[in-house]
Each structure stands twice: as C-alpha cells, then as structure tokens.
Amino acid sequence: MSLCLENLAIRKNDGEALFTAFNLTVEKGEIVTLMGPSGCGKSTLLDAIAGHLSQEFQYTGSIKLDGTPLDGQPAHKRQVGILFQDDLLFPHLTVWENLAFALPDSIKGTQRKEQAITALKEISLMSLADSFPDQISGGQRARIALTRMLLAKPKVALLDEPYSKLDKDLRQQFRTQVEDQLKEANIPALMVTHDEEDVPQGSRCITWPWEDNYAR
Ligand code: ADP
Ligand code: MG
C-alpha cells in the first residue's frame with residue numbers, strides 16, 4: 001500500500017496557486033511530515049486527499065492509493081483516516097459509542113460494542129467506556145480519537161497538526177502513541193505541521209516550499 005501524489009497543484013479559483021508540481025510517495029508503515037508555515041496550504045492538501053476540498057479551490061495532478069486514482073471517488077469511499085488537532089469526538093456519544101461509530105459496516109450487532117471495548121482495553125482506557133468526551137482529559141480524548149481513526153481500517157492516515165492542542169508533557173507521550181499505533185497499522189501516513197519537534201525520529205520530512213522536494 002502506498003500513497004502517491006503526482007504533479008499535484010492546488011489553486012484558488014482566482015488562479016492563485018498554493019503550490020504546484022508536488023510529487024511524493026509515502027510507503028506503508030512510513031510517516032512523512034510536511035512542514036510549512038501557517039496558511040501555506042497544509043490543511044487544504046489534506047482536504048484534497050480526503051476528498052473534501054473546499055469549493056474555493058481546485059487541484060490538478062493525481063492522488064493515488066496503491067496505484068488506483070482517488071480523484072473521482074467521493075470522500076466516504078476513499079478509506080482515508082484523518083486526525084485533527086481538535087479531537088472531534090461526538091459530544092453526545094460515550095467513549096465506547098464514539099469508537100463503535102467508526103467501525104466498518106461489516107461489523108454488526110453486539111460485535112460493535114465488543115470491538116470498541118477491546119480497543120479501549122488495548123490502550124488501557126477501559127474505565128472510560130461509559131464517559132462522555134467532556135468528562136475526560138484532553139490527552140485521553142486525543143488517544144480515543146487516534147484509536148477511532150484506526151478502527152475504521154483506513155488505507156492511509158492523514159494527520160493535521162495532531163499535537164498542537166496538547167500541553168508539552170502530554171504531547172511527547174502522544175507522539176509516541178501515534179507513531180507506535182501507525183506502525184502497527186502499517187499504512188502510509190502523511191502528517192502536516194509547523195512544529196519541527198513533531199517529526200518522528202529517522203523519518204522523512206519535507207519543508208516548505210514542497211515543490212523543491214526531489215526525494216522521490
Ligand atoms: P495551513 O493549513 O497550512 O495553515 P490552509 O490550507 O488552511 O493552510 O490554507 C491555505 C490558504 O487558503 C490560506 O491562505 C487560507 O487563508 C486559504 N483558505 C483556507 N480555506 C479557505 C476557504 N475555505 N476559502 C478560501 N480560502 C481558504
Ligand atoms: Mg491547517
């Protein structure tokens with residue numbers, strides 16, 4: 001499995017380009033970080049990959065997953081997982097219900113609760129199963145959001161400044177958890193950030209302007 005961006009350009013409808021001719025391949029099990037200042041187009045790039053680019057923009061070039069173009073596919077068919085800086089858990093659902101919600105449709109009935117609970121046990125947060133998101137800490141919410149993303153069995157993970165809302169101690173802890181769980185999921189992951197400390201050790205990092213990336 002690999003994520004491949006070919007000659008990608010994103011332009012505003014008035015023609016102004018965020019970036020042009022960006023080429024990148026992310027292999028399974030790999031986390032690639034794109035670094036860039038606020039407003040350079042990081043979130044917009046992830047929107048394009050996930051299939052919900054705003055009407056204000058259009059892109060040219062190709063986005064492929066495992067060699068198959070995603071370009072015509074609607075967002076819900078792409079199997080792209082996204083982790084944002086805000087955890088975006090549903091406030092009216094309990095922790096286990098938030099996890100069960102993400103499970104693939106093929107998992108039915110009581111299996112859904114069982115798998116949600118199993119996932120909570122694996123991250124040692126079983127005791128929070130019946131809590132609501134506003135009753136748990138920010139760090140716990142972040143871990144639940146990560147687990148929720150991976151329970152949906154995405155083919156690729158996109159991370160949009162995933163650590164920026166956490167305080168410093170938690171941040172380091174959560175970085176490790178993200179890196180470990182992504183490695184276990186063995187899917188390509190693309191992270192965007194403006195914080196150099198977010199870059200996993202020994203991994204590829206591409207700094208703005210991305211067009212100058214000749215790594216692959
Ligand atoms: P980043 O995530 O790197 O901070 P964004 O991708 O959010 O940057 O935004 C890139 C540029 O596009 C910025 O100049 C931003 O103001 C602009 N922008 C973002 N979203 C929209 C939108 N929905 N409509 C018009 N312009 C937008
Ligand atoms: Mg952004």
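In the predicted model, Val32 stands opposite Leu190 of strand E8, and the bridge partner of Thr33 in E8 is Met191. These residues belong to the pairing of strand E3 (residues 31-35) with E8, which is parallel and extends over five bridges. Two strands are taken as paired if DSSP finds at least two bridges between them; strands (E, at least two residues) and helices (H or I, at least four) are DSSP runs numbered from the N terminus. E8 also runs parallel to strand E7 (residues 156-160), to which four bridges join it; here Met191 is the bridge partner of Leu159.

The open sheet has five strands in the order E6-E7-E8-E3-E9, with parallel pairing. Strand E6 (80-83) and strand E9 (205-207) each have a single partner strand, so one side of each lacks a neighbour in the sheet. The twist from one strand to the next averages 15° (axes are lines fitted to C-alpha atoms, for helices over the stretch in contact; angles run from 0 to 180 degrees between N-to-C directions). Helix H5 packs on the sheet and touches E3, E6, E7 and E8 (contact means heavy atoms within 4.5 Å). The direction of H5 makes about 165° with that of E7.

Five of the five residues of E8 (residues 189-193) are buried (under 20% relative accessible area, 1.4 Å probe, protein chains only). Ala189, Met191 and Thr193 lie on one side, and Leu190 and Val192 on the other.

Residues are numbered from 1 along each chain as its sequence is written. Local features need pLDDT of at least 70, and side-chain atom pairs count only at pLDDT 80 or more.

Conventions:
Chains lettered and ligands numbered in written order. Heavy atoms only, no water. Buried < 20%, exposed > 50% of the residue type's maximum accessible area, 1.4 Å probe, protein only.
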